[in-house]
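I opened this notebook to record what I looked up in one structure. The entries follow the order in which I worked.

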Amino acid sequence: MGIETEYGLSTATPKSQRALSPDEVARVLFRPIVEKYSSSNIFATNASRLYLDVGSHPEVATAECDSLSQLIAYECAGDRVMNGLALQAEEALAHEGNACAVYLFKNNVDSAGHSFGCHENYLISRDIVLKDLGVALLPFLITRQLICGAGMVQPAKGDHPAQFLLSQRADQVWEGVSSATTRSRPVINTRDEPHGDSKRFRRMHIIVGDSNMAEPSVAMKVGSTLLMLEMLEADFQLPELQITDPIHHIRSIARDVTGSTPLPLASGGTITALEVQQQLCARAREWLAHREDAGTPTAELERVVDLWERILRAIETGNFSGVNREIDWVIKLELLERYRSRLGDDWSHPKLTQVDMTYHDIRPGRGLYDVLLRRGMIERWIEDEDIERAVSTPPPTTRAALRGKFLTAAEECGAHVTVDWTRLKINRPEPRTEELLDPFAFTDSRVTALLDYMHDHHA
């Protein structure tokens, strides 16, 4: 599993100074990376990828992870790496006479309405027909925002008043299953990039999800999807929930916090968004008794299903007190409602948009999420020690361990190397390359030989 997170970037500049464009700030942000690696697209020693994406969006793609808690640690580590770069950027700008605050937002829509993504990657068997799997997943994915959406205040548009949405990405997708990514964003991207043995593996690339702040919300998003994929791969019987024109309904679901949006079934009749999630959650609960206890421990997935059941019960009853410290959209909505009641119940008030955006500011001591976390108002899923370890060391149980070891040795020796998700290459004195096609292999004698060669010629 892996998560790719694109960050929003902006600055607050004194009125006496010229405002810097996101592109200018991004160049300063990545200056230490470029100075060290002569590139703005690198793999760090924790085996994650760090790069500057199109539109001046810093992006972190986590290393390959084989358990849920491990993935959450590396996703959070990306925030800490970006914060470190932001601190350096502020110091550099101040030294150059451009004192300003650098803001990094882990959200999906900027103030101009532009969208940027949070993509999930899951390794699945090549034997599965991706299109069929996608069709089976769509009812779950269009309704998943009920259980893990990040929430947002949508400004007024034309005749439509400002309102609260469950999801930031729901309005940004236009297809169900497609090879496109930007021209017409789909829920599931089918571009065939397994980053492994293409005879054995395929990558399920989901691009409809929100960037989550609360660790339990990340666990809910990834854990519920992992359970769905496990059940489908095992041919574990699921209810027939094929929705007619599912993408047509994803926006309506985002506007209904009660989950009562009616969805037409291809087999006839209708079902509500909440009922879709309830039926799938019930099967996930039953699946836990059958699954092999490998990868993510079953005990941890029990925590996921417990949270899944609690958020669905909260939606059904309208009592969110049992999940208002764990699910982003619930945390945010309760906070916004307290402000809104003082502002004339007007969702269009700019103060609400500011609160919404500030929740996603990843800078410690500045972002609203961080303030709530420090006050004990948001639950944790992992420990700080897990995140700190993930900042500098690779996951020890996947192929990422080999990439991290290779990159660490290269830095120690001053060796010139090139890496990607599957290849490790020593460029000098004689080029040597190894291809690692098994994402689960964390030891390999070929890599040991590469390290020996590196030390012999660069130590």
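**Entry 1: a term to settle before starting**

I first noted that a residue is called buried when its relative accessible area is under 20%, and exposed when that area is over 50%. I also noted that I am working with a predicted model.

**Entry 2: the first group of annotated residues**

I applied the cut-off to tyrosine 51, which counts as buried because its relative accessibility is 8%. I located tyrosine 51 in strand β4, residues 49–53. I then consulted the UniProt record, an unreviewed entry, which lists Glu4, Tyr51 and Glu59 under "binding site". These three are spread over 56 residues of sequence, yet they cluster in space, with 10.7 Å as the largest C-alpha distance.

I listed the contacts of tyrosine 51, leaving out residues up to four places away in sequence: Glu4, Phe30, Ser40, Asn41, His57, Pro58 and Glu59. Two of the annotated residues, Glu4 and Glu59, are thus among the contacts of tyrosine 51.

I turned next to glutamate 4, which sits in strand β1, residues 2–6. Glutamate 4 is buried, with a relative accessible area of 13%. With the same limit on sequence neighbours, glutamate 4 touches residues including Tyr51, Glu59, Gly117, His119, Arg203 and His205.

**Entry 3: the second group of annotated residues**

Which other residues does the unreviewed UniProt entry cover with the annotation "binding site"? I found Arg49, Thr62 and Trp421. They span 373 residues in sequence, but no two of their C-alpha atoms are more than 10.9 Å apart, so I recorded them as gathered at one spot.

I placed threonine 62 in the loop between β5 (57–61) and α3 (68–95). Is threonine 62 buried or exposed? Threonine 62 counts as buried, because its relative accessibility is 6%. Apart from residues up to four places away in sequence, threonine 62 touches Gly2, Ile3, Ser48, Leu71, Tyr74, Glu75 and Trp421.

I found tryptophan 421 in the loop between β15 (417–419) and β16 (423–426). At 15% relative accessibility, tryptophan 421 is counted as buried too. Both Arg49 and Thr62 are among the contacts of tryptophan 421, as are Phe43, Ala47, His195, Arg399 and Arg403.

**Entry 4: an aromatic pair**

I looked up the aromatic pairs and found eight in the structure. I examined phenylalanine 43 and tryptophan 421: their ring centres are 4.9 Å apart and their planes stand at 90°, so the pair is edge-to-face. This pair links distant parts of the chain, as phenylalanine 43 belongs to strand β3 and tryptophan 421 to the loop between β15 and β16, 378 residues apart. Phenylalanine 43 and tryptophan 421 are both buried.

**Entry 5: a pocket and a cavity**

I read the volume of the second largest pocket as about 460 Å³. It is lined by 16 residues, and the closest to its centre are Tyr37, Ile42, Leu407, Val417 and Thr418. At least two lining residues come from each of α2 (31–37), β3 (41–43), α14 (400–413) and β15. By class, I noted nine nonpolar, five polar and two charged residues in this lining.

How many cavities of 30 Å³ or more does the structure hold? I found one. The largest cavity contains about 100 Å³ of space. Its lining includes Leu141, Arg144, Gln145, Cys148, Asp210, Lys221 and Ile250. The lining of this cavity has five nonpolar, four polar and three charged residues.

**Entry 6: two further loop residues**

I compared two residues in loops. Threonine 261 lies between α7 (246–254) and β13 (262–264), and aspartate 159 lies between β8 (152–154) and β9 (163–165). Threonine 261 counts as buried at 8% relative accessibility, whereas aspartate 159 is exposed at 80%.

Leaving out residues up to four places away in sequence, I listed Ser252, Ile253, Asp256, Ile271, Thr272 and Ala273 as the contacts of threonine 261. For aspartate 159 I recorded a distance instead: aspartate 159 and phenylalanine 140 are 19 residues apart in sequence, and their C-alpha atoms are 31 Å apart in space.

Conventions: Residues numbered from 1 in each chain as written. Predicted model: local features only at pLDDT ≥ 70, side-chain atom pairs only at ≥ 80, totals over all residues. Heavy atoms only, no water. UniProt positions renumbered as here; feature names shortened; annotations may be inferred. Helix = DSSP H or I, 4+ residues; strand = E, 2+ residues; numbered from the N terminus. Buried < 20%, exposed > 50% of the residue type's maximum accessible area, 1.4 Å probe, protein only. Contact = heavy atoms within 4.5 Å. 1 Å grid on protein atoms, 1.4 Å probe; cavity = no way out; pocket = protein on both sides within 12 Å on 5 of 7 lines; lining within 4 Å. Points joined across faces, edges and corners; volume = space filled by probe spheres on them. Nonpolar A, V, L, I, M, F, W, Y, C, P; charged D, E, K, R; others polar. Phe/Tyr/Trp six-rings, centres within 6.5 Å; stacked < 30°, edge-to-face > 60°.
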